[in-house]
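Here is a brief report on a two-part topic: overall make-up first, then selected elements. Please keep the structure open while reading.

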Amino acid sequence: MARKPVKKKAPVKSTGHSWDGIEELDTPMPRWWVWTFYLTIIWGIGYLIAMPAIPLVHGATPGLLGKSSRADVAAEIAAVKAKNAPLDEKINGMELSKIASDPEVGAYAINGGHAVFQTFCIQCHGSGAEGNKGFPNLLDDDWLWGGTIDDIYTTVKHGIRSEDDDDTRLSDMPVFGDDYLSDEEIASAAQFVLSLSNRQTDPALAEAGAVVFEDNCAACHGEDAKGGREVGAPNLTDNIWLYGGDLATITETITNSRHGVMPAWSVDGKLSEAQIRQVAVYVHELGGGE
Amino acid sequence: MTTENQDAPQKLYAAREPVFPKRVKGRFRTIKWWMMIITLGIYYIGPWIRWDRGPGLPDQAILIDMAHRRFYFFWIEIWPYEFYFVAGLLIMAGLGLFLFTSALGRVWCGYACPQTIWTDLFILVERWVEGDRNARIRLYRQKWNAHKARLYLTKWFIWLLIAVATGGAWVFYFADAPTLLVDLVSFKAPFVAYGFIAGLTATTFLFGGFMREQVCTYMCPWPRIQAAMMDEDTMTVVYREWRGEPRKHTKLKEGETYGDCIDCNACVAVCPMGIDIRDGQQLECITCALCIDACDEMMDKVGKPRGLIAYISANDEPLERAGNPPRNMWKHLFRPRTLMYFTLWAAVGVALLVALFIRPDIQVNITPVRNPVYIALSDGTIRNTYDVRILNKHGTEENFHLSAKSLDDDSEFDLEIQGIDGHIVTAPADSTHSVRVYLNAKPDSPAATRNRTNVRLWIEDMKTGERTSVDTIFNGKS
């Protein structure tokens with residue numbers, strides 16, 4: 001086939017490196033490539049001057065543009081707070097029971113309450129609000145101090161047996177093991193408590209325990225043992241036990257008493273009024289609210 | 001390519017040899033004009049077609065609504081979870097490319113690729129402003145003066161207009177086109193719209209005006225991949241060297257015998273890739289077939305048969321060299337490989353169509369809340385919590401009735417919905433509505449005492465009676 005001869009190009013110098021007959025040439029870079037390279041250097045110097053760059057002992061050089069990621073975040077948080085301020089104000093001025101179903105602030109309150117809960121409450125009540133031994137399950141329908149939205153609000157605001165708040169929820173179960181009751185009386189009372197939730201007991205002991213209960217416990221837990229919310233006395237006839245419903249735990253509870261505590265979240269500005277209202281709404285909406 | 005130049009060391013970065021494709025007329029050029037009109041027409045006009053979907057829904061026929069996560073295509077509305085339709089279309093596009101490549105070589109590159117289409121359009125503008133090949137070469141070589149500057153500036157300005165229109169058309173697919181156009185010219189459109197327009201304007205201007213064939217040769221991976229789909233039966237643009245050679249462009253002397261090629265260089269002059277097809281198949285060739293048109297025209301003029309350059313396949317070459325006619329084109333096209341690609345392509349297409357027509361208008365998803373696994377209520381009732389999402393694809397607000405049945409013992413669960421009295425949920429039009437649902441099993445009932453009970457949650461459209469269900473697990477106290 002006849003072809004036109006191809007123009008010979010000027011030879012390129014060799015670097016002198018050769019491997020297996022493959023030679024490394026000293027071909028110059030394309031001009032655009034070289035200029036791009038110089039541009040990156042210039043850009044780098046400019047960046048060094050304009051932005052925080054060189055690490056010092058405390059912090060770094062500030063840069064001419066005064067860029068600060070921390071300040072950016074602070075500004076973002078402030079902007080969100082400012083945006084939410086009218087919603088919080090509305091929540092603060094509302095009747096508690098109306099918040100959840102309010103089309104404007106309902107979802108905001110529940111989600112905000114969720115965030116508060118995830119930050120401040122899960123340490124004791126668990127990430128799903130399922131509670132733990134000594135820390136109530138907030139999903140069920142059994143409440144020590146009441147499960148209405150107002151009750152929950154009061155509990156969150158003032159805490160339980162909190163030393164920081166004079167309005168805290170306060171009650172004091174006697175330490176019956178000290179000198180009030182003998183071991184036999186405690187054993188029989190425990191049997192009686194077991195019988196309240198229809199479990200297997202020693203009938204004779206339980207009958208004796210009924211008398212002990214009548215004399216010592218009914219004042220707070222009630223004649224019918226269904227508890228007393230004004231003093232945070234639990235219902236002993238249901239299936240829900242804060243510390244455990246087996247004989248050993250009940251005996252221990254009667255002997256040594258229980259004094260669970262919860263912080264008063266309004267004290268020292270731990271939580272704002274709006275946050276307390278939000279988390280109260282959130283807890284009330286978990287399924288067990290009354 | 002400088003394949004013969006092996007003795008002299010080559011520069012690794014060669015300056016681009018500018019290409020000045022000559023105007024050509026013929027069958028394939030006509031096909032390409034029509035392809036350009038159709039594809040550009042679809043691209044530029046597409047977003048402006050209106051389609052009434054009722055109140056509250058966009059009336060743009062083709063719309064990718066990122067903010068509301070919907071894709072509208074005439075009567076079809078795709079939700080994000082139906083993305084498999086898009087995946088299916090991409091698979092079809094891939095298989096379609098395989099099919100066409102195995103049958104007709106780089107037919108995508110030559111006729112339908114946006115790079116080819118826009119380059120063609122830009123060359124059209126260039127020719128209109130500066131004249132045909134020779135005039136353009138002259139202009140290119142001459143020193144800068146007012147005349148050259150005026151022509152070049154005119155050309156660049158028209159290119160820029162086309163580029164802006166191209167970038168502009170792109171963003172109209174993502175928002176209501178008339179509203180966005182008004183926003184764009186009044187500088188009220190979102191920054192991202194201007195960003196996309198600027199980016200696509202730059203790439204269109206650069207790729208169509210200046211980089212042209214380099215995009216295909218150096219940047220695009222598809223030509224390299226396509227090689228795997230071509231075989232000896234693939235129809236591709238070939239110079240019948242056995243008929244054309246030896247070539248001669250001067251008058252024959254007595255007794256001289258030469259091939260049919262008159263070495264007029266018409267095929268080289270029209271080539272947008274700047275190659276000589278007579279050197280054989282080469283990686284730059286996009287098989288746009290313009291050299292066929294150019295050569296046929298010359299053959300007609302000198303009274304020789306057409307087809308010195310033509311679509312033929314590799315396994316026809318030995319036949320033709322031996323003096324036999326080539327095999328029928330249809331035999332090349334219908335062969336197991338192409339039929340298999342077509343079958344796969346059609347199967348995916350049919351599956352998508354079926355899926356499109358049987359998809360329900362309502363759908364329900366359920367996520368059990370597993371923290372905690374179950375809740376014991378004071379009377380011993382066991383409660384499980386679920387997050388239920390109802391997808392209402394109707395254009396109207398609908399009421400749904402919820403109920404839950406055990407699949408293991410046929411008993412109904414007591415169902416509660418957070419914040420709602422009763423079992424009816426109202427879902428807004430064309431949206432996903434989430435509710436929290438509690439299922440309660442009575443104390444000591446089978447579901448309450450069993451580790452796992454299979455549950456089916458039914459939702460029923462109160463108006464249309466349409467029902468759909470989703471299965472989940474109820475965890476009891478075990």
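The report below goes from whole chains to one sheet and then to a group of helices.

This is a predicted model, in which local features need pLDDT of at least 70 and side-chain atom pairs count only at pLDDT 80 or more, while totals for chains, interfaces and linings use all residues. Residues are numbered from 1 along each chain as its sequence is written, and chains are lettered from A and ligands numbered from 1 in the order in which they are written.

**Chains**

Helices (H or I, at least four residues) and strands (E, at least two) are DSSP runs, numbered from the N terminus. A residue is buried if 20 or more other C-beta atoms lie within 10 Å of its own, exposed if 12 or fewer, and partly exposed in between; C-beta atoms are placed from the backbone. Two residues are in contact if their C-beta atoms, placed the same way, lie within 7 Å. The last column takes contacts between residues at least 6 apart in sequence and gives the share joining residues at least 24 apart.

| Chain | Helices and strands | Buried | Contacts at least 24 apart |
|---|---|---|---|
| Chain A | 10 helices, 2 strands | 28% of 290 residues | 55% of contacts |
| Chain B | 17 helices, 14 strands | 26% of 478 residues | 68% of contacts |

Along its sequence, chain A reads β-β-α-α-α-α-α-α-α-α-α-α.

**A sheet in chain B**

Three strands of chain B form an open sheet in the order E1-E2-E3, with antiparallel pairing. Its edge strands are E1 (62–65) and E3 (76–78), and each pairs on one side only. Strands pair if DSSP finds at least two bridges between them. The twist averages 10° from one strand to the next. E1(B) is joined by 4 bridges to E2 (residues 70–73) of chain B. Asp65(B) stands opposite Arg70(B) of E2(B).

**Helices in chain B**

H6 (residues 146–172) of chain B has 27 residues and spans 39 Å from first to last C-alpha, close to the 39 Å expected at 1.5 Å a residue. That expected span is 1.5 Å times one less than the number of residues. Its buried residues include Trp159(B), Ile162(B) and Phe172(B). The cover over them includes H4 (114–130), H7 (177–185) and H8 (191–211) of chain B.

The axes of H4(B) and H8(B) come within 8 Å and cross at roughly 70°. H4(B) is therefore roughly perpendicular to H8(B), a term for angles of 65 to 115 degrees. Axes are lines fitted to C-alpha atoms, for helices over the stretch in contact, with angles from 0 to 180 degrees between N-to-C directions. Among the contacting residues are Trp118(B) and Phe122(B) of H4(B), and Phe207(B) and Gly208(B) of H8(B).

Conventions:
Angles under 35 degrees count as roughly parallel, over 145 as roughly antiparallel, 65 to 115 as roughly perpendicular and the rest as oblique.
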